[in-house]
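Please look over the sequence and the model below before reading on. The paragraphs that follow lead from a single residue to the cores and then to a pair of helices.

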Amino acid sequence: MSSGHVTLTRLGVYGGAFDPPHLAHRALAQAAVEQLKLDSLLILPTGQAWHKDRALTPAHHRLAMTRLAFHDLPKSRVDDRETRRAGPTYTVDTLRELAQENPAAQLFLVMGADQAKSLHTWHEIEAIYRLAIIAVAERDAPDLPLTQSQARSQAKDPAIQGDFRAIVLPLLPHSATDIRTRVASGQSPDALVCAAVASYIQKNHLYPTAR
């Protein structure tokens with residue numbers, strides 16, 4: 001019997017509210033696929049976000065917009081499991097499911113620098129460190145060592161360090177909050193989202209008020 005080296009599938013996991021998904025989200029996803037040499041990237045709109053201080057747009061709208069925004073991005077696929085899950089959405093639960101479904105995969109948890117700075121507050125962060133490599137997209141001036149040291153210093157168990165990778169991303173000052181505010185004030189979001197998402201927002205009368 002051969003004991004040759006087994007090559008693990010490189011599976012990216014990119015979650016978020018996507019309320020709405022914008023061009024910076026797409027740029028991050030594309031950079032993750034290319035720079036991490038991913039075989040596949042799952043894009044997961046969150047269900048009930050435990051950490052958000054505002055009500056999210058209904059999941060079916062966010063899911064539809066996310067599919068429009070990423071449908072033609074190579075090696076990517078929108079996964080709706082978190083929108084179907086009852087109760088709060090925890091990343092660790094998704095990673096555990098994916099690890100069970102894909103035993104021959106190395107998981108890469110893709111996120112922006114802002115998310116990485118709050119990692120110490122995430123539910124079961126030590127388990128997340130065990131399950132996935134943390135891939136942080138840093139805009140303009142990457143400072144992964146600082147982000148990494150902050151996350152590690154605030155871990156409950158200092159023996160669990162986590163494995164971090166950097167994704168270099170051009171400076172794209174897009175913000176879902178800004179887009180919602182722009183739409184609420186009657187301005188067009190066309191420069192910040194893909195045409196299909198802009199059309200969906202208009203057709204479904206989303207974001208009538210800033211939040």
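**From one residue to the cores**

Leaving aside neighbours within four places in sequence, Ala105 is in contact with Leu8, Thr9 and Leu11 in this predicted model. Ala105 lies in strand β6, and because its relative accessible area is 18%, under the 20% cut-off, this residue counts as buried. Between Ala105 and Ala132 there are 10.0 Å in space, C-alpha to C-alpha, although the two are 27 residues apart in sequence.

Turning to the interior, the largest nonpolar core has 34 residues, and those with the most contacts inside it are Tyr14, Leu36, Leu41, Phe70, Val110 and Ile167. At least two residues of this core come from each of the helices α1 (23-35), α2 (59-70), α8 (176-184) and α9 (195-203), and likewise from each of the strands β2 (40-45), β6 (105-112), β7 (132-139) and β8 (164-169). The most is given by α1, with five residues. Phe70, taken without its neighbours within four places in sequence, is in contact with Phe18, Pro21, His25, Arg26, Ala29, Ile43, Ser76 and Val78. A second, separate core of 23 residues includes Val13, Leu107, Leu119 and Phe164.

How do two of these helices pack? The axes of α2 and α9 come within 8 Å and cross at roughly 155°; because this angle is over 145 degrees, α2 is roughly antiparallel to α9. The crossing of the two, α2 and α9, is right-handed. On the α2 side the contact is made by His60, His61, Ala64, Met65, Leu68 and Ala69, and on the α9 side by Ala196, Val197, Tyr200 and Ile201. By class, the contact of α2 with α9 has eight nonpolar and two polar residues, and no charged ones.

Definitions and conventions:
Residues numbered from 1 in each chain as written. Predicted model: local features only at pLDDT ≥ 70, side-chain atom pairs only at ≥ 80, totals over all residues. Heavy atoms only, no water. Core = buried A, V, L, I, M, F, W, Y, C linked by side-chain atoms within 4.5 Å. Buried < 20%, exposed > 50% of the residue type's maximum accessible area, 1.4 Å probe, protein only. Helix = DSSP H or I, 4+ residues; strand = E, 2+ residues; numbered from the N terminus. Contact = heavy atoms within 4.5 Å. Axes fitted to C-alpha atoms, helices over the stretch in contact; angles between N-to-C directions. Parallel < 35°, antiparallel > 145°, perpendicular 65-115°, else oblique. Left-handed = near helix turned anticlockwise from the far one by under 90°. Nonpolar A, V, L, I, M, F, W, Y, C, P; charged D, E, K, R; others polar.
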